[in-house]
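Trainee: I'd like to learn how to read a structure like this one. Can we go through it together, feature by feature?

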Amino acid sequence: MGERVAKFESQFADFCQTRHAVAVASGTDALALSLRALGAGGGEVITSAHTAIATIAAIELAGATPVLADINPLSRCVDIGSVASLLNERTRAIVPVHIYGHPADINGLRKLVAGADIAIVEDCAQAHGATLEGCPVGGLGDAGAFSFYPTKTIGAMGDAGAIVTNSDELFRTLRSLRQYGWDRHRMSQRSGQNSRMDTLQAAILSMQLAGFEERFERRQLIAQRYRDALSHQPHIEAPGIMPGIRHGYHQFVVQCENRDALASALEAGGVESGRHYACPVHAHPAYGGLRRAESLAEVEKLYDRMLSIPIYPELGDEEVDVICHILTTWRGEGEGR
Ligand SMILES: *Cc1c(COP(=O)(O)O)cnc(C)c1O
């Protein structure tokens with residue numbers, strides 16, 4: 001929590017075009033502290049059934065109960081109608097996840113909760129650099145939670161996270177919560193915890209931020225090459241794009257009927273692919289009992305069909321060529337692994 005932490009906070013607030021940023025120890029903490037500060041504890045928090053388990057863990061850490069909504073098949077982010085079907089008098093917050101870097105429909109959610117005392121906390125752990133109608137994610141809801149885990153689009157050399165907000169009051173509460181509920185005189189004004197960012201990580205993150213645009217452009221370029229390769233491929237669907245968004249391309253997740261066969265074809269060409277995630281939230285033994293939307297049909301459909309293709313700035317042009325070649329020539333056939 002040295003000077004470099006304060007410096008990074010101010011740089012990151014600029015990056016997100018928000019009034020404030022608060023550095024914390026992880027993305028999970030960023031979500032949990034935001035929800036706690038916004039008074040979600042003891043109530044229900046609606047989120048997507050298609051997310052990293054960290055989202056669910058964070059809601060529970062805040063003392064709230066997660067509730068699972070279905071997704072929009074195009075954006076793969078939470079579906080507004082499904083969220084609407086889950087609202088009740090216990091709902092305290094909604095956590096839209098900008099999954100894979102595609103911004104969720106925050107405007108739709110804001111309209112849905114207008115006039116109600118329900119907070120919106122954006123899960124931006126996969127969406128550094130993504131924008132909605134030209135505005136960076138993070139400042140669109142009441143708070144935006146980021147992770148800088150090493151594999152994220154902006155990564156530290158260990159765990160780190162940050163919360164951005166335009167609210168002065170929320171900012172003050174968060175600064176206190178992350179360090180034992182202290183005020184300036186180290187008097188605990190509320191119950192808090194230890195969620196500090198290491199000065200070392202802050203220094204590394206300032207460097208990462210300085211090199212961000214170049215690395216981000218490279219992701220966009222690779223994504224465009226994949227899209228071109230898939231434009232005449234009837235067996236594989238490229239990721240959907242809602243109007244007015246800039247995709248963060250944390251992952252490039254295609255969909256196809258014979259997903260395991262595509263994974264094998266890639267593997268035969270020396271290309272690793274992955275599934276994000278192995279199963280939806282409600283299929284985990286710990287979370288089978290969570291309240292959920294009557295239908296999670298779109299989530300279920302996605303899990304049978306999705307495959308993540310490599311995307312990261314260090315991927316070389318020849319490597320992208322190899323992947324594009326497999327993507328264009330695959331016939332939709334073959335055996336799964
Ligand atoms: C990585 C991730 C998190 C958690 O971040 P950590 O820094 O690992 O705690 C939360 N939500 C999503 C969607 C993530 O991908």
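Mentor: Sure. Start with what "near" means: a residue is near a molecule if one of its heavy atoms lies within 4 Å of it. Keep in mind that this is a predicted model.

Trainee: How many residues surround the ligand, and which are the closest?

Mentor: There are 13 around the ligand, and the closest are Gly27, Thr28, Asp123, Ser147 and Lys152. By class, that shell has seven polar, four nonpolar and two charged residues. Helix 2 (27–37) and helix 3 (53–61) each supply at least two of the shell residues.

Trainee: And which side-chain polar contacts should I look at?

Mentor: The cut-off for a polar contact is a pair of N or O atoms within 3.5 Å. Here, a polar side-chain atom of Asp123 sits 2.8 Å from a nitrogen atom of the ligand. Gln126 has a side-chain N or O atom 2.9 Å from a ligand oxygen, and for Lys152 the distance from such a side-chain atom to a ligand oxygen is 2.7 Å. As for cover, the ligand on its own has 380 Å² of accessible area, and the protein covers 89% of that.

Trainee: Now the sheet. In what order do the strands run?

Mentor: Two strands pair if there are at least two bridges between them. Following the pairs here gives an open sheet of seven strands, ordered 1-9-8-5-4-2-3, with mixed pairing. Strand 1 (20–24) and strand 3 (65–69) are at the edges with a single partner strand each, so one side of each has no neighbour in the sheet. On average, neighbouring strands are turned by 25° against each other, direction ignored.

Trainee: Could you show me one pair up close?

Mentor: Take strand 2 (residues 44–48) and strand 3: they run parallel and are joined by five bridges. Within that pair, Ser48 stands opposite Ala69 of strand 3.

Trainee: Which strands does helix 2 touch?

Mentor: Helix 2 packs on the sheet against strands 1, 2, 4 (91–95), 5 (119–123), 8 (143–147) and 9 (161–165), and its direction makes about 160° with that of strand 8. Helix 6 (residues 168–177), in turn, lies across strands 1, 8 and 9, at about 15° to strand 1.

Trainee: One last spot: what does the side chain of Arg218 make a polar contact with?

Mentor: Its partner is the side chain of Asp317, at 3.1 Å. Arg218 lies in helix 8 (residues 212–230). Neighbours within four places in sequence aside, Arg218 is in contact with Pro313, Leu315, Gly316, Asp317 and Val320.

Note on methods
Residues numbered from 1 in each chain as written. Predicted model: local features only at pLDDT ≥ 70, side-chain atom pairs only at ≥ 80, totals over all residues. Heavy atoms only, no water. Polar contact = N/O pair within 3.5 Å; in protein donor to acceptor, adjacent residues only side chain to side chain. Areas by Shrake-Rupley, 256 points an atom, 1.4 Å probe, with all protein chains shown as cover. Helix = DSSP H or I, 4+ residues; strand = E, 2+ residues; numbered from the N terminus. Nonpolar A, V, L, I, M, F, W, Y, C, P; charged D, E, K, R; others polar. Axes fitted to C-alpha atoms, helices over the stretch in contact; angles between N-to-C directions. Contact = heavy atoms within 4.5 Å.
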